Amino acid sequence: MYLEMKFDEDGNVTTFEKKKMELYHELSLQARDLRFQHLTSITARNNNIIIRMEALKAVVTPNSLLVLDFRGLGLERWLVLELAPQLNGDHGALATHSLPFEFRALEAILQHRVNTLQARLNEVHPVILDILESLVDPKLLSADRSKLHILLQNSKNLSELETDIKVFKDSLLKILDEEEMIEELCVTKWTDPRVFEESSLGIDHAEEMELLLENYFMQAEELGNTTRELKGLIDDSESVIFINLDSHRNVMMRLNLQLTMGTFSLSLFGLMGVAFGMNLESTFEEDPKVFWLVTGFMFLGSGLIWRRLLSFLGRHLEPTIPPQIPTVWKRNQINSKGGEVKSGLR
């Protein structure tokens, strides 16, 4: 059984259940035609347009639009409040009574699909921008795991959205590349002799159908460009985050190295204190000035060794100065910028 919502040319709606075989005979279609194997597809069969846009399954005939199995898909509000006025021509942007009914039906479905993709993009776009702005802060010492988790989820949603946009574009591009398919979508032209005569007199329905499909292809192209730019921004921000974290990590490693060198310097000259603390008798412990002399020598030696190690560390960590450009090369570069070409040294 198919749960069917039928829209006529005036926007009147009727809902009923119909057996599959009855629907096949009524539309002169085969069972395979209504299996909707692809998630996004637009095909013409026996003067009918079979459309699937994700959850939306529809069949456009020359004088009606059939929406199948719509219950529980979140489409009821759009079907009742928006689709009927659009098919009736009450919607200003879709008031195209000069063209046959299938143009209004196809345009309403394509507009709904583009609006759905745009709504998904508007949902993830500000969230990703806010998270990236907080993560690329140069003062950030560590990345917030909760924000990274949210960014990961939205990145996955963005990748899925990019895939859906690409599939939608490919389905339209497949039709635009085949003139015969565009002709087949103009179902009224082949069923109503008056429309056929009108098209022969100067109104090219195939051209109008091509313009209609190109319009929504360009809208999908713009959405695709926005998603690619947003993914590129995520990749660039990821590089900035890693650079900031590496910079802070290097600072901590250098501080740890300096402290290690200071500890080594104190330990080296601390051996003198160990030697005097071995409870061995000598003439030095009887002189009260020897304690301050040895202590001062320990701290002075430790300080000198530490400064020596810091100097060695600084020489090896500072970037090397690039070699100076010879004067002849500089002169040749200036002449080349001024439009003169001179040969270099042989």
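**Exercise 1.** What percentage of the chain over residues 290-306 is helix, what percentage is strand, and how far apart are the end C-alpha atoms?

*Solution.* The structure is a predicted model, and the stretch can be taken in two steps. Begin with the record: UniProt, in an unreviewed entry, places the feature "transmembrane region" at residues 259-278 and 290-306. Then turn to the model, where residues 290-306 are 100% helix and 0% strand, with 24 Å between the end C-alpha atoms.

**Exercise 2.** Decide whether Ser237 is buried or exposed, and place Ser237 in its helix.

*Solution.* Locate the residue to begin with: Ser237 belongs to helix 8, which covers residues 205-276. Next, take its relative accessible area, which is 7%; because buried means under 20%, Ser237 is classed as buried. Finally, consider a residue distant in sequence: Glu133 is 104 residues away along the chain, yet its C-alpha atom and that of Ser237 are separated by 8.6 Å.

**Exercise 3.** Determine which residues make the nonpolar surface patch of about 310 Å², and classify Leu259 as buried or exposed.

*Solution.* The patch is made by Met252, Leu255 and Leu259. Of these residues, Leu259 is placed in helix 8, and its relative accessible area of 54% lies over the 50% required for an exposed residue, so Leu259 is exposed.

**Exercise 4.** Identify the residues that gather in a patch of negative charge on the surface, and describe the setting of Glu180.

*Solution.* The patch brings together Asp177, Glu178, Glu179, Glu180 and Glu184. Glu180 lies in helix 5, spanning residues 179-185, and is exposed, with a relative accessible area of 62%.

Notes
Residues numbered from 1 in each chain as written. Predicted model: local features only at pLDDT ≥ 70, side-chain atom pairs only at ≥ 80, totals over all residues. Heavy atoms only, no water. UniProt positions renumbered as here; feature names shortened; annotations may be inferred. Helix = DSSP H or I, 4+ residues; strand = E, 2+ residues; numbered from the N terminus. Buried < 20%, exposed > 50% of the residue type's maximum accessible area, 1.4 Å probe, protein only. Patch = residues over 30% accessible without salt bridge, like charges linked within 9 Å, V, L, I, M, F, W, Y side chains within 5 Å. Areas by Shrake-Rupley, 256 points an atom, 1.4 Å probe, with all protein chains shown as cover. Salt bridge = Lys/Arg side-chain N within 4 Å of Asp/Glu carboxyl O. Lys, Arg positive; Asp, Glu negative; His and termini not counted. Charge placed at Lys NZ, Arg CZ, Asp CG, Glu CD.
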